[in-house]
Amino acid sequence: MKKTHLIGGILIIIAIVALTSMVGDMSPYVSFADAAKRPNQKFQVVGQLSKDKDMYYNPEENPNYFSFYMTDQDKVERKVVLLDAKPQDFERSEEIVLTGAMKGEEFVATSMLMKCPSKYVEEEVRLKEITYQ
């Protein structure tokens, strides 16, 4: 067997292993109800902050514990525990994407992405108001 065939075969095996490990890390978007059907399995849940409910964050007690309530796209509300610090401007978020798993009645998230309102949209609205006067 030639060296080039051997090296090519090794590269193909490495590529296959890398692709399968990336696919295994992808977690699908689900609702809280779907995540509750398979507890301890990692999922992504999209929703909005329930601003009328209490949030808890005490960095002196535990800087990696933040809890709040979120409503998913099916209008189901659950308590969420984020195992990380409270993000800056969290209350202004328009949409939240959580990655984690259901543990009992709570969704325990290990990471979170937030979609916040754009400062440019607010500036555009203000400019339109000035223009139309």
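How much accessible surface does the protein have, and what percentage of that surface belongs to carbon and sulfur atoms? In this predicted model, the accessible surface comes to about 9,700 Å², and carbon and sulfur atoms account for 56% of that area.

**Figure 1. Overall view of the protein and its secondary structure elements.** Three helices and seven strands are present. Read from the N terminus, the order of elements is α-β-α-β-β-β-β-β-β-α. The protein has 133 residues, of which 26% are buried. Contacts between residues at least 6 apart in sequence were considered; 48% of these join residues at least 24 apart.

**Figure 2. Close-up of Asn40 in the loop between helix 2 and strand 2.** Helix 2 covers residues 32-37, and strand 2 covers residues 43-49. Asn40 is not a glycine, yet its phi is positive, at about 70 degrees. Most residues other than glycine have a negative phi. The relative accessible area of Asn40 is 58%. Asn40 counts as exposed because this value lies over the 50% cut-off.

**Figure 3. Close-up of Lys75 in the loop between strand 4 and strand 5.** Strand 4 spans residues 66-72, and strand 5 spans residues 77-82. Lys75, a residue other than glycine, has a positive phi near 65 degrees. With a relative accessibility of 70%, Lys75 is exposed.

**Figure 4. Asn40 and Lys75 shown in separate panels.** One panel shows Asn40, with a positive phi of about 70 degrees, in the loop that follows helix 2 (32-37) and leads to strand 2 (43-49). The other panel shows Lys75, with a positive phi near 65 degrees, in the loop that links strand 4 (66-72) to strand 5 (77-82).

Notes
Residues numbered from 1 in each chain as written. Predicted model: local features only at pLDDT ≥ 70, side-chain atom pairs only at ≥ 80, totals over all residues. Heavy atoms only, no water. Helix = DSSP H or I, 4+ residues; strand = E, 2+ residues; numbered from the N terminus. Buried < 20%, exposed > 50% of the residue type's maximum accessible area, 1.4 Å probe, protein only. Contact = heavy atoms within 4.5 Å. Areas by Shrake-Rupley, 256 points an atom, 1.4 Å probe, with all protein chains shown as cover.
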